Amino acid sequence: MSLSRRAFFRNLGVDRADSVSPNLIASRGREALELWRNGLNYEDEAQFTRMTEGAVVISSNENPLGPGPAAYQALLDGLDQQAGRYPTNFRPSHRDLMQTIASKYGARPENVTLGTGSGEILENGALAFTSPDKALVTADPSYLQAVGVARRQGHPVRTVPLDANLRLDSEAIARAANGAGLVFLCNPNNPSSTVMPASDVEALVAEVRRSSPDTRILIDEAYHDYVTDPAHQTAIPLALRTPNVFVARTFSKAYGMAGLRLGYAIGQVETIATLAQWTHVFNSNNLANAAAVASLNDPQHLEQERARNKEARDFTIGVFSDLGCEAADSQTNFLFVNIGRPAAEFRNACAEHNVAVGRDFPPMEKTHARVSIGTIGEMRRAAEVFKQVLA
Amino acid sequence: MSFSRRAFVKTLGVGGAAALSGAYIPRAYDLPSFWTPTLLAQEGPLLLHNNENPLGPGDRVLNAIREHIAPDGAPVGRYPFQLMRNLVGAIAQRFEVQPGNVIVGTGSTQVLRTAVMRYTSSSKPLVTATPTYEECTQYAQLLGHAVVEIGLNDRLMLDLDEMAEAAKGAGMVFLNNPNNPTATVYPADEINGCIDKILTASPDTRILVDEAYHDYVTDPRHETQIPHAVQNNRILAARTFSKAHGMAGLRTGYGIAHEDMIGELREFHSGNTVNTPGVIAGSISILDVQRLNEESARNTEARQYTIDWFKNAGFEATDSQTNFIFVKTGMNAVEFRDGNRENGVMVGRNFPPYEEEWARISIGTLEQMEQATESFAKVLRVNATAAA
C-alpha cells in the first residue's frame, strides 16, 4: 500500500478533485509535495513529529508483530547468503516464490505475477486494462492506488458509492461495469473494513461476464487473512476458472511484511500474461522472496495472527461502542468508526497523546475515522486516549 | 582500437494498441532460470552473467539490517516511510545536493521507467543506443511510445553525433555511460559536448544519463553528470545500489536531478517501492566511500587479469570501465555461453547485432576469474597455460 502516493494525489487534488476542499489543496499542496519528495507523506510527518518513543502507531494497517518466526528466520538466513545477487541467482528465487504461491492454489507459476507490494499490481492493472475510452470502475470510498494511475493517464473513472452498511454495492457496480476496462473490487474494502460475501462476488462476476465480457475484474484481497465472517471466501478459485478475473494479494498485512514490499496477482494465464508485461524487472527482493516462501509454508502462524487481531479488534469495537461510536462490521485489521466529528480533529487530538490514527477518507472524512488494530496492549493504551478525546 | 562498423538506425513505431492486445515482449527475467538441475548438482557455479558484485554489500551493511529488525522481525511489519527520509538524506549528503534533488526506486530501473513514461510519447521518441541497457527501450515499446535506436560507432561506443542529431524533437535521450554491454565510457568533455548540443538544438528534450557502473570507472577523464543534473532541469542522472554497492538482491536505486525535474517525475513515480532492508543498506553504503574504493580496486585487478588473459590468447576486449568485459571471442555468443555453462561458468546473454562474435563476461573475484579462464580456454580451444 502506498500511503505516500495516495496522500500525494489527494493533497494535490489530482484524485477525487470533486471532494477535496480547495483550502486543503491550497494549504497542503505545496507542502505535501515537498514532503513527498523527501519520502514522507504529509500526515505521517504532521503526526510523527509530535510522536515520542513508545508511540502507538495505528495509522497504516500494519501488523505490529511483523512476520512469523519461520519467515523471520528465512530473512536472517537470506542475509547470510547473497544480497549482491539478483533474484534469479538466489534461492529461493522469485520463480520459486511464484511456484510456491501457485501450488497453494493448485495453479501453475504462469498463473502468478509478483509485485512490489500489491500496489504495483493495482497500478499495472490500471495501465494494462484502462484507456481513454475504457473506464476504471471503483467503489467510493475505496483503496485509491489504481484510481490514481487511471486519472493521471487521463483514463475515465466511474465511482459507485458504498451502501448504507458501508459495503460495496454489488448491483450498482455491475451496472457501472458496462463497457468498462477494469472493475476494481477491494474485498474487504479499505477504508470501510466491510466484506462482500462470496455469493455476491460470484453474482457480480457472472453479471459482468454476461453484460460486458471484455471487462477485466480485479479483486484486491489485501485483508483476506483477517476475515472471520464465514460468508467470505477468497475469489482465487473463481479467478482461476474465469477469464478476465484476477485477484491481488499482499504480504504487507497479516503476513507482517509491509517493509519487504511484496504482493502478487493470480488468475488465468491469458489475463496474468497481459498484466505481467507491465511487471517491473526484479520487482521483489531476495529477502522478501525468502520470507514469503517460508510464511506460505507456515499457515498455522497466519491462523494465530488472525485470532490475535480478532481479539484486539473486538476489544476496540467495544471501546468505541461504549463511547457511542459505531464501527462498520470490520473484517480487517482496522476499524472505520463513526466518530461524529471530522477525522482531522480526532487525529490531531490523538497525536497530542502519542497515538497515530488514519488519515482522511473523503467523502466521509467529516464523520468517520480509520483506526488500525495494533496489539491488545497498544489498543488498551489507545482506548484511554480515545475515551479522553471523544468524551 | 577499431571494430567492424555495424551501426544502424532503426525507428520502432509500436502502436499504442500493442499493450492492450497482449503482444508479448520478452524480458530479461523471462529467461529460464540459469539454475538448471545440472548446475545445481555442481558446487558453486560461477555467476559471471549479471554484472553483480560477488562480495555483496559487506558486513557493516548486513549487520545494520540485522540490528534494525532484531530481535523478532517486528520492524519489518512497518512501512519504511520514516526510514526513507534517512536514505534520501544520505544520498543528498553524499553528493552535496538537497533531498529535493533525489528520487528513489526499486533499482534504478524504476527511475528509468518513470522518466520514459513522463518524457516520451507516441510523437516524442525515446532516442537510445543499440546495444545498450534495454529497460528504457522495452518500456517505451510497451507504452506504445516511439523509439529511435542508434547503433554504436566503430569503437563500440555510443555514437554521440548520431544520437545528438536524432535527439531533435525527441522526448528523451538515454545515455548509458559507461555503456552496458560494451563496457566503454566517454570522457567528460565528449559526453558534455553531446549533452550541450542536445540542450541547444532541441529545447524540450530531456537527457537521462544512466551511471549504473560509475563506481567501477578508472579512466580519470570520466566524470559523473550529477553536478550538471542538479543545475539543469533537463538532465537526470540515474544510479543504482545493484553494482559496486553489492545490493542487487535488495532492489534499490535512485536518480538525481534539478528539483523541478524531480517534481515532474514524482507525478509518474510509484511511491513506497523500496524495501526496509534496501533503505537501511543504502543509507549506510552510500556514505562508505572507502569500501566503494576498495571494491573498485578489487574489480580493477580482476578485470585487468581477465583482459590480459584474453589478449594473450589473441582475443581483444573493449576498454572496460565496468565490472564486466565485452570481448571478441569470434564465436557465437550462444555457443560460448553453452560451452562455459557445461563447465559451470555462466556468462552474459546475446547482444545483437554483436552476438555472432562477442561475449559479455562479468568480473568476479580474482580467484573466480582464474578459474573461469580455464573454462574459456577449453571453450575457445586455446592453450590456457600459454594464454596465462
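Me: Two strands pair if DSSP finds at least two bridges between them. Strands (E, at least two residues) and helices (H or I, at least four) are DSSP runs, numbered from the N terminus. The model is predicted: local features need pLDDT of at least 70, side-chain atom pairs count only at pLDDT 80 or more, and totals for chains, interfaces and linings use all residues. Residues are numbered from 1 along each chain as written, chains are lettered from A and ligands numbered from 1 in written order, and side-chain values use heavy atoms, without hydrogens and water. Which residue of β5(A) stands opposite Val137(A)?

Reply: Strands β3 (136–140) and β5 (182–186) of chain A run parallel and are joined by three bridges. Opposite Val137(A) in β5(A) stands Val183(A).

Me: Which are the edge strands of the sheet in chain A?

Reply: Seven strands of chain A form an open sheet with mixed pairing, in the order β2-β8-β7-β6-β5-β3-β4. Each edge strand pairs on one side only, and in chain A these are β2 (112–115) and β4 (157–161).

Me: Within what arc do the buried residues of α8(B) fall?

Reply: Buried means under 20% relative accessible area, exposed over 50% and partly exposed in between (1.4 Å probe, protein chains only). In α8(B), the residues Ala188(B), Ile191(B), Cys194(B), Ile195(B), Ile198(B) and Leu199(B) are buried. They line one face of the helix because, seen down its axis, they fall within an arc (taken from the directions from the helix axis to the C-beta atoms) of 140°.

Me: Which exposed residues does the opposite face of α8(B) carry?

Reply: The buried residues of α8(B) mark one side of the helix. The face turned away from that side carries the exposed residues Asp189(B) and Thr200(B).
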